[in-house]
Amino acid sequence: MPAPLKQTARRTLLVTSATLASLALTAPVSLAAPTPKPKPTASPSAPVSGSPAAKDKAPASASTSPSATPPGKMSSLGGARLGQAGTQVQLAGGAPVLPKDLTARSWIVADAQSGEVLAAHNAHWRLPPASTMKMLFADTLLPKFPRTTQYKVQPKDLEDLGAGSSLVGIKEGETYSVDDLWLGVFLRSGNDAVHVLSSMNGGVAETVKQMNEHAEELQALDTSVVSPDGYDAPHQVSSAYDLTLIARSGLQKKDFREYSSTVTAKFPGATTKNKKGKTVRETFEIQNTNRLLTGDYDISQYPGIAGVKNGNTTNAGATFTGVAERAGRVLLVTVMNPEKDDHNEVYKETAALFDWGFQAAGKVTPVGELVPPKGAAQASAQPGANSGEGGEAGGAGNVSEKPVAGAVAGNGSGGIGIAMAITGGVLVLLAGAAFLVNRRWPLPDLVRRRR
């Protein structure tokens, strides 16, 4: 058990695997996440965008751009100060000041393990999330299909892709594994991959319904899903607070950690015949569009970065949620819509907040906390829930010890940058097995560096 967790005595609760299943699949729809309205349809976009910075551009009428001023009243979930407009931070002796020139409309810095919010700015401002919404999509659907499952794409699967969508390059009539599709979602932010997985899950409408239910269970109550891919649509919103909750939940899944930290992978292309008349399947390389993971000409790979997801649409601007580790401490940072229009600005502001967070940890008084999922909070109030301290009770194990590579290349390719490892902390759903949930929903041993 990591040292940060040993230093804080916490009650733990014993929950059955059936309870975990209910968290993901049977929670009621949130009142804060209204029944989604049909998204405007557009003809599919055939070409694959060649620029990692490409935006999912919705028509101007598809969504109302958010106000430049935060609302006077916001949710106070996680702490009263998180519902206040403006920057919330409480520095103690020796704490560094916040970075200058932060222009994002909303941001948050949180400890992934304890859930403490170190600082925030308009944390509950409901804004368009862009492709960071794909984190909720993945957290909802990842457990449903084995990675080896094969699926042949039908024309109807790609019918309602928004104009200008980011695409990984899926072709009608071709067969892809679920593993291929998730690589397309996480690395290229492929809306085509999202729609194919949604078709496998009963369709877009059913997937949106399940995502809203899962957001409710996670207590991501600022979030309203209309399109599973994050494409601009009326009433589709989230917040820096919610996106951080969602990332924290997703990172407890081994596959989520692995996909979100993969740098490059080989993706199946078209089926053709070679010169000898033999049928062959072409492949091409895809690269993660998270520039703190891959680096760019004006920004370096961030030391200790291990995911999570970026987004960029006309109305949302640039959005990003990242997780990074330094000296055993794991931080989550979410940045939404920087006003400064410099290249890679969302990553630069995220990196600055990571630097501040690692320096300030232990030197600031938290201004709030990331709340646990509703089911965990309810179970902690039940008789007999207090079964120990520090995440241990009855000798039941819930931690995967097998390391999962972070910042790696898929399908055995060489990769291009830092080698990180994200290990342990996954809450494994095993039939008939009990598992432990700390009341603050920590991520023990979330990230480990691997050289």
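What covers the buried residues of H5? In this predicted model, the cover includes helix H3 (134-141), strand S5 (150-152), helix H4 (178-188) and helix H6 (204-218). H5 itself spans residues 191-200, and nine of its ten residues are buried, so "mostly covered" is a fair label for this helix. The buried set runs through Asn-191, Asp-192, Ala-193, Val-194, His-195, Val-196, Leu-197 and Ser-198, and Met-200 belongs to it as well. Just past the end of H5 comes Gly-202, where phi turns positive, at about 105°.

Some context for the whole chain helps here. The protein has eleven helices and 17 strands, and 56% of its 451 residues are buried. Contacts also reach a long way along the sequence: taking those between residues at least 6 apart, 74% join residues at least 24 apart.

H3, one of the elements over H5, is itself mostly covered, with eight of its eight residues buried. That list takes in Lys-134 and Asp-139 along with Met-135, Leu-136, Phe-137, Ala-138, Thr-140 and Leu-141. Two helix partners of H3 can be described in some detail, namely H6 and H7.

Take H6 to begin with. The axes of H3 and H6 come within 9 Å and cross at roughly 95°. Angles of 65 to 115 degrees count as roughly perpendicular, and H3 and H6 are therefore roughly perpendicular to each other. On the H3 side, the contact is made by Leu-136, Phe-137, Asp-139, Thr-140 and Leu-141, while H6 brings Thr-207, Gln-210, Met-211, His-214, Ala-215 and Leu-218. Sorted by character, the residues of this H3 and H6 contact come out as six nonpolar, four polar and one charged.

H7 (residues 240-250) meets H3 at another angle: the two helices pack at about 35°, with their axes 9 Å apart. The crossing of H3 past H7 is left-handed. Here H3 uses Met-135, Leu-136 and Asp-139, and H7 answers with Leu-243, Ile-246, Ala-247, Ser-249 and Gly-250. The residues of this contact divide into five nonpolar, two polar and one charged. Leu-136 and Asp-139 thus turn up in the contact with H6 and again in the contact with H7.

Ala-247 deserves a closer look. This residue sits in helix H7. Is Ala-247 buried or exposed? Its relative accessible area is 0%, and since anything under 20% counts as buried, Ala-247 is buried. Leaving aside residues up to four places away in sequence, Ala-247 touches Met-135, Phe-256, Val-308, Thr-321 and Leu-332. Met-135 in that list is also among the H3 residues in the contact with H7. Ala-247 and Lys-309 lie 62 residues apart in sequence, yet their C-alpha atoms are 8.6 Å apart in space.

Beyond the helices, there is a strand pair to mention. Strand S7 (residues 262-273) and strand S8 (residues 279-287) run antiparallel and are joined by eight bridges. One of the bridge pairs links Thr-271 to Arg-281 in S8. The two strands form a hairpin with five residues between them, and in the turn Gly-277 has a positive phi of about 85°. A glycine with positive phi also appears just after H5, at Gly-202.

Methods
Residues are numbered from 1 along each chain as its sequence is written. This is a predicted model: local features need pLDDT of at least 70, side-chain atom pairs count only at pLDDT 80 or more; totals for chains, interfaces and linings use all residues. Side-chain values use heavy atoms; hydrogens and water are left out. Buried means under 20% relative accessible area, exposed over 50%, partly exposed in between (1.4 Å probe, protein chains only). Helices (H or I, at least four residues) and strands (E, at least two) are DSSP runs, numbered from the N terminus. Contact means heavy atoms within 4.5 Å. Axes are lines fitted to C-alpha atoms, for helices over the stretch in contact, and angles run from 0 to 180 degrees between N-to-C directions. A crossing is left-handed if the near helix is turned anticlockwise from the far one by less than a right angle, and right-handed if clockwise. Ala, Val, Leu, Ile, Met, Phe, Trp, Tyr, Cys and Pro count as nonpolar, Asp, Glu, Lys and Arg as charged, and the others, Gly among them, as polar. Two strands pair if DSSP finds at least two bridges between them. Angles under 35 degrees count as roughly parallel, over 145 as roughly antiparallel, 65 to 115 as roughly perpendicular and the rest as oblique.
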